[in-house]
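Biologist: Please take one part of this model and go through it closely. I would like the packing of the interior, with the surroundings that bear on it, in one connected account.

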Amino acid sequence: MNINMEDRENYIAFLQGDMQGFERLVIKYKDHLIYFLQTYVKNITVAEDLAQDVFVDVLIYKERFQLEKQFKTYLFTIGKHKAIDFLRKQRYFTSMEEIEWLEDCQQLEEVLFQKENNTLLLTALHQLKREYRQIITLIDLEEMSYKEAGIILEKTVPQIKILIYRARKSLKKQLIKVGYCYEEQ
């Protein structure tokens, strides 16, 4: 696993009291973290709040991060735990919250995927079960290694390989259903 040296340098600067190092990390990862968190909580506002909590934790407990690790993996792992804690506190979602989630989710995805203009991909991605959306987000969109994704999802590398294979296969079927012209090479 190659350590992102830019992240490492920003974190070291942050440890030495340079808040701009921390701000650069926040700017770089906040949107990605929010998108990942909303795959758990299904509400963009809650995902934003949880992401803010994650960054506050990093700010308060800055000594916990080990510099030989990937910062992004560390961040997403904290986020996952915060999302799970939030969901444990929630007993149920009303139908209005589900409708709000769909509206909020569409707004965030439009921002994140505007450059690629992949509305068909997003439609197909929404049809997948949560676990498949999460693994595709981590491996294909966030470009994490299998090992990093395994740490976040608490799975072994072989389990991640099987999961990403099944998720991609399911995504391919969904893309065909929504009219995406899928060309095999």
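Modeller: Lys62 lies over the face of Phe14, 5.2 Å from the ring centre. The model is a predicted one, and this ring is a convenient place to enter the interior. By the ring-pair rule there are 11 aromatic pairs. In one of them, the rings of Tyr11 and Phe14 have centres 5.3 Å apart and planes at 80°; the angle is over 60 degrees, so the pair is edge-to-face. Tyr11 and Phe14 are three residues apart in helix H1, which means that about one helical turn separates them. Both Tyr11 and Phe14 are buried. Phe65 and Phe71 form another edge-to-face pair, with 5.5 Å between the centres and 90° between the planes. Phe65 and Phe71 are both buried too. Ring pairs join Tyr11, Phe14, Phe22, Tyr29, Phe55, Phe65, Phe71 and Tyr74 into a cluster.

Two members of that cluster, Phe71 and Tyr74, lead into H4, where both are buried. The helix covers residues 71-89. Its 19 residues should span 27 Å at 1.5 Å a residue, and the end C-alpha atoms are 27 Å apart, so the expected and modelled values agree. The buried residues of H4 are Phe71, Lys72, Thr73, Tyr74, Leu75, Phe76, Thr77, Ile78, Gly79, Lys80, Ala83 and Phe86. The cover over these buried residues includes helix H1 (5-15), helix H2 (19-41), helix H3 (44-60), helix H7 (130-141) and helix H8 (146-153).

Two residues of H4 show what such surroundings consist of. Leu75 touches Tyr29, Leu33, Val54, Phe55 and Val58, leaving out residues up to four places away in sequence. Lys80, also in H4, has a relative accessible area of 5%; this is under 20%, so Lys80 counts as buried. With neighbours within four places in sequence left aside, Lys80 is in contact with Phe36, Leu37, Tyr40, Ile152, Leu153 and Glu154.

Glu154, one of those contacts of Lys80, lies in the loop between H8 and H9. At 56% relative accessibility Glu154 is over the 50% limit, and therefore counts as exposed. The phi of Glu154 is near 60°, a positive value in a residue other than glycine. Lys42, in the loop between H2 and H3, also has a positive phi without being glycine, near 55°. Lys42 has 31% relative accessibility, between the 20% and 50% limits, so Lys42 is partly exposed. Most residues other than glycine have a negative phi.

Back in the interior, the largest nonpolar core has 47 residues, of which Val58, Phe71, Leu75 and Ile135 touch the most other members. At least two residues of this core come from each of H1, H2, H3, H4, helix H6 (119-126), H7, H8 and H9. H2 gives the most to the core, with 11 residues. Phe71 and Leu75 among these well-connected members belong to the buried set of H4, and Val58 is one of the residues that Leu75 touches.

Ile135 brings in another region. Ala167 touches Ile135 as well as Leu128, Tyr132 and Ile136, not counting residues up to four places away in sequence. The place of Ala167 is in helix H9 (residues 157-177), and at 0% relative accessible area, under the 20% limit, Ala167 counts as buried. Ala167 and Tyr132 are 35 residues apart along the chain, yet 4.8 Å separates their C-alpha atoms. Tyr132 also has a charged neighbour: Lys129 lies over the face of its ring, 4.8 Å from the ring centre.

The figures for the whole protein supply the setting. The protein has nine helices and zero strands. Of its 185 residues, 40% are buried. Among contacts with a separation of 6 or more, 67% are between residues 24 or more positions apart. The accessible surface comes to about 11,200 Å², and carbon and sulfur atoms account for 49% of that surface.

Methods. Residues are numbered from 1 along each chain as its sequence is written. This is a predicted model: local features need pLDDT of at least 70, side-chain atom pairs count only at pLDDT 80 or more; totals for chains, interfaces and linings use all residues. Side-chain values use heavy atoms; hydrogens and water are left out. Helices (H or I, at least four residues) and strands (E, at least two) are DSSP runs, numbered from the N terminus. Buried means under 20% relative accessible area, exposed over 50%, partly exposed in between (1.4 Å probe, protein chains only). Contact means heavy atoms within 4.5 Å. Accessible areas come from the Shrake-Rupley method with a 1.4 Å probe; for residues, only the protein chains shown count as cover. The expected span of a helix is 1.5 Å times one less than its number of residues. Rings of Phe, Tyr and Trp (its six-membered ring) pair if their centres lie within 6.5 Å; planes under 30 degrees apart count as stacked, over 60 as edge-to-face and the rest as tilted. A charge sits over a ring if NZ of Lys or CZ of Arg is within 6 Å of the ring centre and within 35 degrees of the ring normal. A nonpolar core is a set of buried Ala, Val, Leu, Ile, Met, Phe, Trp, Tyr and Cys residues joined through side-chain atoms within 4.5 Å.
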